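Student: I have a structure open here and I'd like to go through it piece by piece. Can we start with some single residues and then work outwards?

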Amino acid sequence: MQNRDFDVIIIGGGITGTALTYVLSKYTDVESICILEKYGSLAPLNSNATSNSQTLHCGDIETNYTLAKASQVKHTANMLVNYKKQVEKNDFLYKYPKMILAVGDDECERLEKRYAEFNEAFPYMELWDAEKIAEIEPKVALKNGKPRPEKIMASGCTDEYCAVNFGNLSRSFIDSARKNNKNIQVSLSSEVTHIVKIEEGYECQTAQGSFRAKFVVVSAGAHSLLLANQLGHGLDLSILPMAGSFYFIPSTLNGKVYTMQNDKLPFAALHGDPDLTEANKTRLGPTALMMPKLERYTGGTYLDFWKSLKLDKKVVKVFWDLMKDSTIRNYIFRNFLFEVPWLNKKLFVKDAQKIIPDLTANDLTYAKGYGGIRPQVIDKTEMVLKLGEASIVPNKDPIIFNMTPSPGATTCLGNAYRDAKIICERLDIPFNREDFINELLDGKDLDI
Ligand SMILES: Cc1cc2nc3c(=O)[nH]c(=O)nc-3n(C[C@H](O)[C@H](O)[C@H](O)COP(=O)(O)OP(=O)(O)OC[C@H]3O[C@@H](n4cnc5c(N)ncnc54)[C@H](O)[C@@H]3O)c2cc1C
């Protein structure tokens, strides 16, 4: 008979839940942890390598970050590099050249300014002219075999970790957690349908029976809000699922090529990346498409979407404010068209030619089955669409709910640190923060 009583239950076996399992097992005196995962494997949804862009977001090629945000993101992202040093097998973290590409006078001017501002925090980044870009990424710098007619410039580097297979990393976290002499149980095919408050903690009900814990962390992606709402938490929040699709081309880029972000558009600008699971293919994307479901390719979850959206005047107002802006409106409309067969390639290639000028629509293949969902949160009290991660941490109750859109996979160990601190504080369990800070944060604590 399986043990059903734990110190901590984590709902969701994606990168967020598995990172927390690792941190609790290695750095705290939490003795028993159970992951309850809806599907038959770890990382089946957004943390799977096919669902996301596989990028370690360090703040150096993301032009939508301020210097302060970029520096914080870099410190958190570096935790994955430090984690890699602790394990024998690395099948998750990879080095490639990477760059932000500026095209045209205006973007080049912005990039030069940004480079000067960010240089001290990111000393390994270089400023590249067209000739240097041609050495690293010939297909980006040339059009019909000649230098591109418009001015181009890039800020990049060639020897940094920048690509992650987050699915493999999730499995690595669990393998590592199991080496720490704790009771770690992973219960697959165990969808939690209800969470019930009990005298000491919570009971999680699944088709496999009930599991009890003193503390529960819900890291169920887009589903977390629905479970929070059942317990009366997060009723002022809604979920807006933003799917992202990709296109494949035969291997063309040697590394990651990001484009400059339009400040008005809330989702990452188009980029090209070597695919970690499809050798000899370059992936272009992602697009951004609103979808009335919480999971991309599993069928169903439409009803769950409506329950999490909780459509009312406030939600309509947030949509209305978004659609009032012509840049956002055109972007949303264009992204719908990226899903229409035949037309999609003809339109998408125009955007992608910014990265690879010689690309034609015939080179593109829609990456079927690729691309997950970013659970963007609408705050109905503030009447805004939140762009980053969102957590619900009820006052004093032993439960946390996490919703983690991009770059939630990169920040998994930072989020785990934040949650582990709360768990240990509320359960009065020791947390070896000194080792954590020395081993994963190079001796400098995170500002969270
Ligand atoms: C197109 C796209 C590109 C992205 N690119 C990047 C990137 O390059 N870099 C980056 O850092 N981030 C990126 N992200 C974001 C990143 O993928 C997510 O932040 C991250 O995977 C979230 O991990 P998670 O564990 O919180 O959620 P998930 O991976 O979604 O895991 C949640 C788990 O909970 C399970 N679950 C749900 N409901 C229940 C239930 N009731 N009971 C039990 N289990 C349940 C699900 O089956 C799932 O396994 C991207 C996302 C998208 C969509």
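Student: Which residues does L446 touch, not counting residues up to four places away in sequence?

Tutor: Before anything else, please keep in mind that this is a predicted model. In it, L446 touches H75, T76, G414, Y417 and L441, once residues up to four places away in sequence are set aside.

Student: And where is L446 along the chain?

Tutor: L446 lies in the segment after α13, the helix of residues 433–440. As for its surroundings, L446 counts as partly exposed because it has 17 C-beta neighbours inside 10 Å.

Student: How far is L446 from N119 in space?

Tutor: From C-alpha to C-alpha the two are 21 Å apart, while in sequence L446 and N119 are 327 residues apart.

Student: Let's switch to N46. Is N46 buried or exposed?

Tutor: N46 is buried, because 27 other C-beta atoms lie within 10 Å, and a residue needs 20 or more of them to be called buried. You will find N46 in the loop between β2 and α2, where α2 covers residues 67–86.

Student: What is N46 in contact with?

Tutor: Leaving aside neighbours within four places in sequence, N46 is in contact with G14, S51, N52, G221, G372 and I373. Two of those names, G14 and G221, come up again with the ligand, since they are among the residues listed as closest in the shell around it.

Student: Oh, so how many residues surround the ligand?

Tutor: There are 42 residues around the ligand, and the closest are G12, G14, G221, G244 and G408. By class, that shell has 15 nonpolar, 23 polar and four charged residues.

Student: Which element gives the most to that shell?

Tutor: Helix α1 gives the most, with three residues. Both α1 (15–27) and β19 (373–379) supply at least two residues each.

Student: Which domains does the shell draw on?

Tutor: The shell draws at least three residues from each of domain 1 and domain 2. The domain assignment gives domain 1 as 1–54 + 165–233 + 394–448, and domain 2 as 240–379.

Student: How many residues of the two domains are in contact?

Tutor: On the domain 1 side there are 17 residues, in contact with 21 residues of domain 2. The side of domain 1 that touches domain 2 has seven nonpolar, ten polar and no charged residues. If you step back to the domains as wholes, their C-alpha centres lie 28 Å apart.

Student: Now the sheets. What is the strand order in the eight-stranded one?

Tutor: It is an open sheet with mixed pairing, and the order is β4-β7-β3-β14-β15-β16-β13-β18. The strands β4 (126–128) and β18 (365–366) stand at the edges with a single partner strand each, so one side of each is left without a neighbour in the sheet.

Student: How do β15 and β16 pair?

Tutor: Strand β15, residues 271–274, and strand β16, residues 281–285, pair in the antiparallel sense over four bridges. If you would like one pair to look for, the bridge partner of D273 in β16 is R283.

Student: Which helix lies across β3, β4 and β7?

Tutor: That is helix α3, residues 105–118, which runs at about 130° to β3.

Student: What about β2, how does that strand run relative to β8?

Tutor: The two run parallel, and five bridges join β2 (residues 32–36) to β8. S32, for instance, stands opposite N183 in β8. Strand β8 itself has a covered face, made of I184 and V186, and an uncovered one with N183, Q185 and S187.

Student: Last topic, odd backbone spots. Where are the cis peptide bonds before P286 and P407?

Tutor: One runs from G285 to P286, with omega near -10°, and P286 sits in the loop between β16 and β17. Another joins S406 and P407, with omega about 0°, and P407 is in the loop between β22 and α12.

Student: And what is the phi of T301?

Tutor: Phi of T301 is near 65°, which is a positive value in a residue other than glycine. T301 lies in the loop between β17 and α8, and T301 counts as buried because 20 other C-beta atoms lie within 10 Å.

Notes. Residues numbered from 1 in each chain as written. Predicted model: local features only at pLDDT ≥ 70, side-chain atom pairs only at ≥ 80, totals over all residues. Domains from an automatic or database assignment. Contact = placed C-beta atoms within 7 Å. Nonpolar A, V, L, I, M, F, W, Y, C, P; charged D, E, K, R; others polar. Near = placed C-beta within 6 Å. Pairing = 2+ DSSP bridges. Axes fitted to C-alpha atoms, helices over the stretch in contact; angles between N-to-C directions. Buried ≥ 20, exposed ≤ 12 C-beta atoms within 10 Å, placed from the backbone.
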